[in-house]
Amino acid sequence: MFADKYIERVIRTRSHLCVGLDLILDRFPSVILERAEKMYGKTPKGAGHAIFEFNKLIIDTIADKVPIVKPQLAYYEKYDHFGVAAFWQTVEYAQKRGLLVIADAKRGDIGTTSQAYAEAFYKSTEDEWVSSIAVDAVTVNPYLGSDGLEPFVNLSIGNDKGTIILVKTSNPSSGEFQDQITEASGKSISESVCDYINSRSNPIGKYGFSDVGAVIGATYAKDLARFREILPNSLFLVPGIGYQGGDVEQLALAFNEKGLGAIISCTRAINYAYQTVGVSEEEVKASILKAVDSFNQSINSALIEAGKFFSDEVLM
Ligand SMILES: O=c1ccn([C@@H]2O[C@H](COP(=O)(O)O)[C@@H](O)[C@H]2O)c(=O)[nH]1
């Protein structure tokens with residue numbers, strides 16, 4: 001199961017941190033950009049090359065320090081097929097280095113199209129024309145309802161894949177729709193999505209989590225606690241620390257009593273933890289490593305403070 005594989009890597013690395021891979025070329029180390037420009041000019045092909053080079057540098061730096069990475073598709077799709085190729089090269093490279101990969105794609109459509117999306121990411125398909133490179137989990141938008149979600153959930157369950165559904169996102173206006181209470185159910189839209197997640201949270205793995213997870217933003221600390229109660233068997237993907245200002249000290253609320261169950265995502269504060277111009281690749285690596293060590297330490301301290309740091313008993 002995806003959930004078990006994730007927790008096993010958490011136990012091995014002593015880390016709950018997910019490093020996002022959002023590629024903003026303007027903020028790349030100049031040394032990487034200059035090399036790509038020399039080879040291909042300022043073209044989408046050059047961008048694709050620079051993206052994969054930078055991702056390799058990040059992945060090599062953090063591979064033993066965190067369980068999982070999360071490339072966000074938009075930053076790759078921006079550079080045509082060169083960017084998409086860089087995305088899949090990154091997936092393969094990260095997995096070779098022992099990391100799990102979440103595609104932050106926020107997909108979701110009518111059933112037939114969702115089926116194609118799910119096959120594109122999980123590759124669990126009869127179609128002989130597709131490659132075998134697959135991600136470990138995908139983020140999915142529930143706005144179209146259960147027939148848009150089912151293809152993902154059906155293909156993930158039993159295939160070691162995770163489907164991570166948007167419940168309460170980290171952005172400032174997330175409440176405009178997600179917090180609306182509907183008269184028919186007396187529940188918020190987010191809570192209705194939770195009902196769906198609970199209805200599909202089977203089987204449950206050896207650490208108590210299913211392969212259907214939820215996105216809950218770190219910027220809404222009270223909601224972390226509330227949704228942890230509503231969704232006891234779901235892994236939470238928790239974005240919003242770092243640049244979005246989510247409070248690291250409150251993160252323990254996203255975990256269960258054993259100190260497990262949350263994938264704490266941080267992107268720009270790690271990807272761009274250095275001066276862009278005039279630094280060597282070694283200096284870039286050192287800054288990224290320092291940021292990762294610091295986030296790992298503060299997340300673990302928050303868990304220890306809350307009496308939730310997992311003990312080796314969870315291995316049994
Ligand atoms: O609720 C959500 C869902 C997804 N995201 C994505 O996570 C990263 C956040 O980047 P930071 O630099 O750590 O702020 C980005 O890819 C978002 O698209 C989110 O922020 N909130």
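## Ligand surroundings

Among the 18 residues that surround the ligand in this predicted model, those that come nearest are Gln72, Thr169, Pro239, Thr267 and Arg268. By character, the shell around the ligand consists of 11 polar residues, four nonpolar residues and three charged residues.

## The barrel

Eight strands form a closed barrel in the order E1-E2-E3-E4-E5-E6-E7-E8, and their pairing is parallel. From one strand to the next, the twist averages 30 degrees. Helix H10, which spans residues 221-230, packs on the sheet and touches both strand E5 (162-168) and strand E6 (212-216), with its direction making about 160 degrees with that of E6.

In general, the strands of a sheet pair through backbone hydrogen bonds, in either a parallel or an antiparallel sense. Here strand E1 (residues 17-21) pairs with E2 in the parallel sense over four bridges, and within this pairing glycine 20 stands opposite lysine 70 in E2. Strand E2 also pairs with strand E3 (residues 100-107), again in the parallel sense but over two bridges, with isoleucine 68 standing opposite leucine 100 in E3. Elsewhere in the barrel, strand E7 (residues 236-238) and strand E8 (residues 262-266) run parallel and are joined by three bridges, and the bridge partner of leucine 237 is isoleucine 263 in E8.

## Side chains of strand E2

In a regular strand, side chains alternate between the two faces of the sheet. Along strand E2 (residues 68-71), Ile68 and Lys70 point one way, whereas Val69 and Pro71 point the other way, and all of these residues are buried.

## The nonpolar core

The largest nonpolar core contains 95 residues, of which Val19, Ile165, Ala214, Val238, Leu251, Ile263 and Ile264 touch the most other members. Helix H3 (residues 44-62) gives the most to this core, contributing eight residues.

Once residues up to four places away in sequence are set aside, isoleucine 264 touches His16, Leu17, Cys18, Val238, Ile241, Leu251 and Ile299. Two of these contacts, Val238 and Leu251, are themselves listed with isoleucine 264 among the core residues that touch the most other members.

## Lysine 45 in helix H3

Lysine 45 is found in helix H3, the helix that gives the most residues to the core. Is lysine 45 itself buried or partly exposed? Lysine 45 has 18 other C-beta atoms within 10 Å, and because a residue counts as buried at 20 or more and as exposed at 12 or fewer, lysine 45 is partly exposed.

Leaving aside neighbours within four places in sequence, the contacts of lysine 45 are Tyr40 and Phe82. The C-alpha atoms of lysine 45 and leucine 17 are separated by 31 Å, the two residues being 28 residues apart along the chain.

Terms used: Residues numbered from 1 in each chain as written. Predicted model: local features only at pLDDT ≥ 70, side-chain atom pairs only at ≥ 80, totals over all residues. Near = placed C-beta within 6 Å. Nonpolar A, V, L, I, M, F, W, Y, C, P; charged D, E, K, R; others polar. Core = buried A, V, L, I, M, F, W, Y, C linked by C-beta atoms within 7 Å. Contact = placed C-beta atoms within 7 Å. Pairing = 2+ DSSP bridges. Axes fitted to C-alpha atoms, helices over the stretch in contact; angles between N-to-C directions.
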